[in-house]
Structures are given as C-alpha cells and as structure tokens.
Amino acid sequence: MHETTVELSYRSSDRAATIEAALRPEVGAIAGDRTAVSLDRNGTELQLTVRASDPVALRAGQNTWLGLLEVAEDVGTIR
C-alpha cells in the first residue's frame, strides 16, 4: 500500500470547517478500486490522506484531491 498525507493549517477553525465541508461529500462519491481517501479535522488543522494500491494510482489520487482542495480554497476566498 502506498500513502500520502497532506496536513494543512488554517487561520481559523471556521475556515478549516468550510474547507472540510466542501471536500467531505467527495470522500465517498469518488469511486475507485485502487484508491481510498480519509479526511480529518481538529480545530484549525485538516488532514487529507490518500492511499493507493500502486504508485500510478497514488499519483492520480493526489492530483484529484489536491485539485479539489485548491478549488475549495479558491472558492472560499471569493466574496
């Protein structure tokens, strides 16, 4: 099993909760038999872990989830 964990720290727990809420629905919705994702939050800290059966699937999972994270962060700055 291959794994990558991204740990993020936000300026407030509200901001972290907003990003978590944006990503949470996708955790179970993106189907894949070679990858799995977990998302955890503790206050201002958010942890995203991508697990995969092989390096190619890990890279694809990382690209997908880092892209979703980037969109969630960018949309959160629009006022």
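The following conversation concerns the sheet, a helix and the salt bridges of a predicted model.

Biologist: In what order do the strands of the sheet lie?

Modeller: The order is β1-β3-β2, in an open sheet of 3 strands with antiparallel pairing.

Biologist: Which strands stand at the edges, and why does each have a side without a neighbour?

Modeller: The edge strands are β1 (2–9) and β2 (35–42). Each has a single partner strand, so one side of each lacks a neighbour in the sheet.

Biologist: What does the twist average from one strand to the next?

Modeller: The average is 15°.

Biologist: Over how many bridges do β2 and β3 pair?

Modeller: Strand β3, residues 45–52, pairs with β2 over 8 bridges, in the antiparallel sense. Within β3, Leu46 is the residue opposite Arg41.

Biologist: Which strands does helix α1 touch?

Modeller: Helix α1, residues 13–29, packs on the sheet and touches β2 and β3. The direction of α1 makes about 155° with that of β2.

Biologist: Turning to charged side chains, how many salt bridges are there?

Modeller: The count comes to 4 salt bridges. One of them joins Arg24 and Glu20, at 2.7 Å from N to O.

Biologist: How many residues apart are Arg24 and Glu20 in helix α1?

Modeller: They are 4 residues apart, which means a separation of about one helical turn.

Biologist: Is Glu20 buried or exposed?

Modeller: Glu20 counts as buried, because its relative accessibility of 15% falls under the 20% cut-off. Arg24, at 35% relative accessibility, counts as partly exposed.

Biologist: Which residue of strand β2 meets Glu20 in a salt bridge?

Modeller: That residue is Arg41, and the side chains meet at 2.8 Å, N to O. Glu20 belongs to helix α1 and Arg41 to strand β2, so this pair ties together parts that are 21 residues apart in sequence. Arg41 is partly exposed, with a relative accessible area of 34%.

Biologist: Which residues are linked in a network of salt bridges?

Modeller: The network links Glu20, Arg24 and Arg41.

Biologist: What about Asp54: which side chain does it meet in a salt bridge?

Modeller: Asp54 meets Arg34, with 2.9 Å from N to O.

Biologist: Where do Asp54 and Arg34 lie?

Modeller: Asp54 lies in the loop between β3 and α2 (55–76), whereas Arg34 lies in the loop between α1 and β2. The pair therefore ties together parts that are 20 residues apart in sequence. Arg34 is partly exposed, with a relative accessible area of 39%.

Conventions:
Residues are numbered from 1 along each chain as its sequence is written. This is a predicted model: local features need pLDDT of at least 70, side-chain atom pairs count only at pLDDT 80 or more; totals for chains, interfaces and linings use all residues. Side-chain values use heavy atoms; hydrogens and water are left out. Two strands pair if DSSP finds at least two bridges between them. Helices (H or I, at least four residues) and strands (E, at least two) are DSSP runs, numbered from the N terminus. Axes are lines fitted to C-alpha atoms, for helices over the stretch in contact, and angles run from 0 to 180 degrees between N-to-C directions. Contact means heavy atoms within 4.5 Å. Buried means under 20% relative accessible area, exposed over 50%, partly exposed in between (1.4 Å probe, protein chains only).
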